[in-house]
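This report considers charged side-chain pairs and a pocket. Please keep the sequence and the structure in view while reading.

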Amino acid sequence: MSFGQRKNFTVPVDAESPEARDDAKLLPLGPFDKIPPILIDGKDPPRTPVTPTTPIIYCPQSPSVASKRSRALRPGTTRKYRRRAILKNGDCNIVLSKVSRQRLRFLQDIFTTLVDAQWRWTLLVFAFSFIGSWLFFGAIWWLIAFTHGDLEEMHLPKNQEESGWKPCVFNIESYTSAFLFSIETQTTIGYGYRTTTEECPEAIFIMCFQSIYGVMMQAFMVGFVFAKMTRPKHRTQTLLFSKNSVICQRDGELCLMFRVGDMRKSHIIGANIRAQMIRTKLSREGEVMAQYQHELEVGADHCGSDLFFIWPQIVMHKINTESPFYNMCASDLLQDRFEIVVILEGTVESTGQSTQARSSYVNTEILWGHRFEPIVFYNKENQVYEINYSKFNETHSVDTPLCSARELAEFYKYQDDYRSQAEDHHLQSPA
């Protein structure tokens with residue numbers, strides 16, 4: 001088959017996979033229907049054979065035609081999708097393997113391990129720590145009574161008055177009563193029915209030791225349960241990121257934009273937004289860096305990365321010469337493989353704890369030629385600003401060039417040069 005011929009092929013996709021999305025959302029076609037054909041010196045453009053290195057010029061079609069066939073890409077190219085490092089809910093898609101002495105290292109920091117553990121394991125450890133200690137000290141109290149002879153028939157509580165026997169602990173006659181006395185000692189309930197005597201020094205020592213141990217263990221357990229319940233990670237559940245990011249023009253420049261919002265009335269103090277692009281990079285020495293991170297310069301309006309986070313903000317990244325998207329056009333966006341990780345950090349106003357919310361966008365979640373719908377309106381009746389979160393993820397298509405930012409900058413430069421030459425020619429021409 002020659003290079004000038006196209007091979008028809010279909011890629012089977014899952015209905016739930018990103019491949020099944022409507023391509024028209026990425027490249028809106030409607031506003032370009034009335035564009036006339038390009039003429040060069042009054043003639044049609046020359047017809048050249050299509051090769052793998054031939055640049056593709058996208059010719060817009062009407063929506064009816066575009067719905068019947070997909071957009072033309074270079075022969076032999078397919079969309080590429082990067083596996084996420086950060087899931088949409090902010091969790092890291094990372095699993096540790098072959099870590100030496102992993103269990104020992106986790107046990108050395110048992111407090112953090114219990115805080116990070118799932119709730120079922122936390123509650124299981126919490127319950128068994130108390131029950132286990134009661135059972136253990138109950139066995140010790142039973143051994144003290146057994147070695148002292150308090151469990152003999154004539155020395156049992158019902159016969160102590162007749163025999164004149166003085167036990168180590170009053171009213172201990174079996175392991176069950178020793179277990180109940182262990183609970184009363186550790187929890188400082190103090191029913192007054194079972195008490196220690198001065199008969200056995202070891203009983204006095206165990207009573208003091210169990211009381212101290214009970215206070216320390218209770219403080220530890222309450223501490224990590226409270227830390228787990230008040231983790232700032234839970235605050236991130238009400239911090240929202242838009243489902244998609246968009247690329248459109250703002251003030252004559254192509255910009256990558258996404259939206260962040262906060263559903264609570266208690267604000268995030270000192271909110272700061274960051275974005276990093278993760279992609280594969282080949283160094284000059286031939287080293288393949290599969291997880292190379294490139295910091296993206298982002299900000300809201302002209303306030304930089306520091307947000308006054310009282311309502312949803314549209315965070316923008318200008319695609320300039322410093323941007324990794326500078327040489328990337330609309331078709332290249334579908335063929336490249338990368339992931340944009342966005343990080344929102346700040347201090348929770350109600351608790352004073354630092355929090356961090358994360359999300360990510362892959363190439364299939366970037367809508368070229370779209371703009372976010374406004375969601376903040378002023379309610380004249382109540383005289384307050386009203387935020388409509390039902391439109392938080394909604395976008396609408398806008399006229400956007402399909403070329404890269406570099407080509408767009410060159411076009412504007414040529415246009416300015418042409419205008420300046422035309423003005424000079426007009427000034428130099430005789431009246």
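## Salt bridges in helix 9

In this predicted model, Asp417 has a relative accessible area of 31%, so this residue is partly exposed. Its salt-bridge partner is Lys413, with N and O 3.4 Å apart. Lys413 also counts as partly exposed, at 49% relative accessibility. Both residues belong to helix 9, where a spacing of 4 residues separates Lys413 from Asp417 by about one helical turn.

A second pair in this helix involves Arg406 and Glu410, whose side chains form a salt bridge with an N to O distance of 3.1 Å. Helix 9 covers residues 405–428, and Arg406 and Glu410 lie 4 residues apart in it, so about one helical turn separates them. Arg406 is partly exposed at 31% relative accessibility, and Glu410 is partly exposed at 32%.

## A salt bridge between a strand and a loop

How many salt bridges does the structure hold? The number is 9. One of them joins Arg279 to Asp336, with the closest N and O atoms 2.6 Å apart. Arg279 is part of strand 4 (residues 268–282), while Asp336 sits in the loop between helix 8 (330–335) and strand 9 (338–348); the pair therefore ties together parts that are 57 residues apart in sequence.

Is Asp336 buried or exposed? The relative accessibility of Asp336 is 18%, and because the cut-off for a buried residue is under 20%, Asp336 counts as buried.

## The second largest pocket

Attention now turns from charged pairs to empty space. Rolling a probe the size of a water molecule over the atoms shows where such space is left. The second largest pocket has a volume of about 370 Å³. Its lining consists of 17 residues, and those closest to the centre of the pocket are Asn89, Gly90, Thr236, Gln237 and Arg358.

Which elements give two or more residues to the lining of this pocket? They are strand 1 (239–241) and strand 10 (354–362). Strand 10 supplies the largest share of the lining, with 5 residues. By residue class, the lining of the second largest pocket comprises 5 nonpolar, 7 polar and 5 charged residues.

Note on methods
Residues numbered from 1 in each chain as written. Predicted model: local features only at pLDDT ≥ 70, side-chain atom pairs only at ≥ 80, totals over all residues. Heavy atoms only, no water. Salt bridge = Lys/Arg side-chain N within 4 Å of Asp/Glu carboxyl O. Buried < 20%, exposed > 50% of the residue type's maximum accessible area, 1.4 Å probe, protein only. 1 Å grid on protein atoms, 1.4 Å probe; cavity = no way out; pocket = protein on both sides within 12 Å on 5 of 7 lines; lining within 4 Å. Points joined across faces, edges and corners; volume = space filled by probe spheres on them. Nonpolar A, V, L, I, M, F, W, Y, C, P; charged D, E, K, R; others polar.
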